[in-house]
Amino acid sequence: MRRIAVLGASGFIGNRTVEIFQRDGDVDVCPVVQRPSRAALPRRFDLPVQIANALDTNSLTAAFEGCDNVIMAIAGDPKTIVRSIEPVYRAAMRSNVRRLIYLSSASVHGQSPATGVDETTPLSKRQPLAYNSAKVVAEQQLGRLREIGRVEVVILRPGIVFGPRSQWTGGVADEILNGTAYLTEGGWGVCNSIYVDNLVHAIKLALVAPNVDGKAFLLGDAEAVTWRDLYLPICEALGYDLDGLPTPKMADAVDERPSLAQRVGAMNSYQSLRWIVPRPARAAVKAAIREMRWPLNTENPASYPVTLERALLHTSSYRPPYARAERELGYCPPITFDEGCRRSVEWLGFAGYPIDGRSRHA
Amino acid sequence: MTTAQARYSSPVRVAVAGCGAVSRLYYAPALRRLEAAGRLHVEGVFDPDPKAAAIFAKNLSGPRTVSSYEDLLCKSTQLIILASPPEFHARQAIDALESGIAVHCEKPLATNVKDGERMVEAAAKCNRLLSVGLMRRRFAATRSIRELLNSKVLGDVTFIDVFEGGPFDWPVASPDYFTRSQSGGGVLLDIGTHVLDLLRWWFGEPLSAVYEDDSMGGVEANCRITLRFRDFEADIRLSRDWARPNRYFVRATNGWLTWIANDARNFSFGLHGANSAAEVLLHHPVNRGAEPTLGSVCPDFEFAFDSQLEATIAALTGHAEIVSGSDALTTLKLIEGCYATRAPMSAGWML
């Protein structure tokens, strides 16, 4: 049985990958996490969990030992995204890994890609968002390493990955509940969604597909949907009216509010610090995180500040095609968008959200 | 003064086994403060990792670090604080008790009921104290809530809802922490020990429990427990996975009450139909003249460790309010009963 390392197994995509591999039972999965505390989710299974720092070739080499493939699903700030590439590739080489699957992002083409963009479109390192630029640099570094190394590389570029434990599901639910959700220009823009199980399906195909070494693949759901479609089932489940969300104009976009990723990063930083900093300092950090939320102002939507990232996403007019993945990986999304939404809402209930009007305090 | 009181009027001689995160972050500051107050003296420290032991000992007044647990069991030691991994609690506690040393054991008491019973039996047989680190009972907030509920100001309880947890980030030393052999279980035995102890303390013994979790061959990261009390149910959701507000909600016939987990001195309550509710910051009461008034604000979370150890020291000489081994054993039995009747959590999206 093939042995596959999932680097970043505590993240939402890595975790779901482990879950599906375990469910299907066709590979020997080896979860790799950054520190012992991150083993809580993979340890729901009777699986050995490896600890490795994504910037340390030696610990990665030990973690990849005996693995045929590595799936690189780590999250991080732009610096980590770039700096982790070489250690991971070199460790994979030392461990005689055959193929590395790198989870990049469709945002290498920008949050609102131009019509006609596909995998053949040249990438620019100079993008308004640091995350996008970092993903471009990471892909390019992988390309250079592949030229001198033996490990095959397949790059996957999913769009907006939603589903259980996604910030586009749980994070949006939090925003709706705390009054900070909004849809720029009404959210009628194209949402390049992909349900997380469809992404894992693509990962499985990429592990074995012939003649895909060095190639990148855009990925999405089968259906063309809008941001309203993504938010609607979450609003309904929580008992909120989608049309009650603020709908600021694109012109109101500012790049001052921390992005969702930044806020998650801040929360993660807080989580990691909360045991070791004195309580008053923790309170200050918490307060700072709370300050990152803008107050709800539905009466005057024009004054509602929106991030550039969200504004671009909400007003996107083009969905990059996944035709190459279809052709060369055999990718055909097994889960419909509606089913993905239904499962996401079911997970919200599992996670403790008050769905379907069932307040936990009723 | 009795002979026993005379025996402990000087600082109690304490040893510490296990210098991991809970010792480093919480016990060390409490021990420092109690040493400074002349209440105890830490004379020995053990951890299998000598570096961890040395770091822990550094900020105390010169305890010796020893290379084996047995070396702590010297005649002069009066109290051992067990903060080692739960799998070692039973053996280490029984060895200490049989050596004539009182034990303060960090929660959970043990990884299984059989071990817990052996510990309680050893304490009884050796006539030595066995207290357990369930420090939430030392919070001013949880004590006041208990008094408020018993006073029936809010009426009779009709429903309890608890969510506690979030992404797990306690600085454990190894992923082996997440094994039944080392820790006895997952989130239920970890956070659940605190939650169930608190609910038992507030409301008495539940009549029954229905339990489900998300273990798939390993240890659970999520679980749900429905406790049936005589007149109401408690719905408890624990997680090492995803954060929701960590809140205890109590609905009663006349009003309601909420408490944020681990908030040592605040809670909120209100009466049904009232157009205002109270957010309470607890103070110590003082008497100025004939009337009571507000004194200093009650201590925060960290000081519950001081208070807990103070109570254990007081219990060495006579009566003090501690969580006894047999009390903690009742919670452990409830937990083991949950595991024995476990059903998988409904998780359709996993298919």
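The exercises below, each with a worked solution, concern the interfaces, strands and backbone of a predicted model.

Local features need pLDDT of at least 70 and side-chain atom pairs count only at pLDDT 80 or more, while totals for chains, interfaces and linings use all residues; side-chain values use heavy atoms, with hydrogens and water left out. Residues are numbered from 1 along each chain as its sequence is written, and chains are lettered from A and ligands numbered from 1 in the order in which they are written.

**Exercise 1. The two domains of chain B**

Task: Describe the contact between domain 1 of chain B and domain 2 of chain B, giving the residues on each side and the buried area.

Solution.

Step 1. The domain assignment places residues 3–135 of chain B in domain 1 and residues 137–350 in domain 2; such bounds come from an automatic or database assignment. The centres of the two domains, taken over C-alpha atoms, are 25 Å apart.

Step 2. Domain 1 of chain B contributes 41 residues to the contact and domain 2 of chain B contributes 39, where contact means heavy atoms within 4.5 Å.

Step 3. The size of an interface is often given as the accessible area lost when the parts come together. Here the two domains of chain B bury about 3,700 Å², with 72% of it on carbon and sulfur atoms; buried area is the accessible area (1.4 Å probe) that two parts lose on being put together, summed over both. On the side of domain 1 of chain B, the most area is lost by B:Tyr26, B:Leu134 and B:Met135, which together account for 24% of what that side buries.

Step 4. Four salt bridges link the two domains of chain B, a salt bridge being a side-chain nitrogen of Lys or Arg within 4 Å of a carboxyl oxygen of Asp or Glu. B:Lys107 and B:Asp190 form a salt bridge whose closest N and O atoms are 2.7 Å apart.

Step 5. Among the elements that give two or more residues to the domain 1 side are helix H2 (21–36) and helix H5 (113–126) of chain B; helices (H or I, at least four residues) and strands (E, at least two) are DSSP runs, numbered from the N terminus. H2(B) gives the most, with ten residues.

**Exercise 2. The interface between the chains**

Task: Determine how many residues each chain gives to the contact between chain B and chain A, and which residues of chain B supply the greatest area.

Solution.

Step 1. The contact draws 49 residues from chain B and 44 residues from chain A.

Step 2. About 3,900 Å² is buried between the chains, carbon and sulfur atoms giving 53% of that area. B:Asp169, B:Trp242 and B:Trp349 supply 24% of the area that chain B buries against chain A, more than any other three residues.

Step 3. Side chains of opposite charge can pair when their charged atoms come close. Five salt bridges are counted between chain B and chain A. A:Arg35 and B:Asp169 meet in a salt bridge at 3.4 Å, N to O.

**Exercise 3. Strand pairing**

Task: State the strand order of the open sheet in chain A, and explain why one side of each edge strand has no neighbour in the sheet.

Solution.

Step 1. The open sheet of chain A has seven strands, ordered S3-S2-S1-S4-S5-S6-S10, with parallel pairing; two strands pair if DSSP finds at least two bridges between them.

Step 2. Strand S3 (50–51) and strand S10 (216–219) of chain A lie at the edges with a single partner strand each, so one side of each has no neighbour in the sheet.

Step 3. S3(A) pairs with strand S2 (28–33) of chain A over two bridges, and A:Val33 has A:Ile51 as its bridge partner.

Step 4. In chain B, strand S15 (283–288) and strand S16 (291–297) run antiparallel and are joined by five bridges. B:His283 has B:Val297 as its bridge partner. S15(B) and S16(B) form a hairpin with two residues between them, and B:Gly289 in the turn has a positive phi of about 70 degrees.

**Exercise 4. Backbone features of chain B**

Task: Is the peptide bond from B:Lys107 to B:Pro108 cis or trans, and is the phi of B:Asn127 positive or negative?

Solution.

Step 1. Most residues other than glycine have a negative phi, and most peptide bonds are trans.

Step 2. The bond from B:Lys107 to B:Pro108 is cis, with omega near -5 degrees. B:Pro108 lies in the loop between S5 and H5 of chain B.

Step 3. B:Asn127, although not a glycine, has a positive phi of about 55 degrees. The loop between H5 and S6 of chain B contains B:Asn127.
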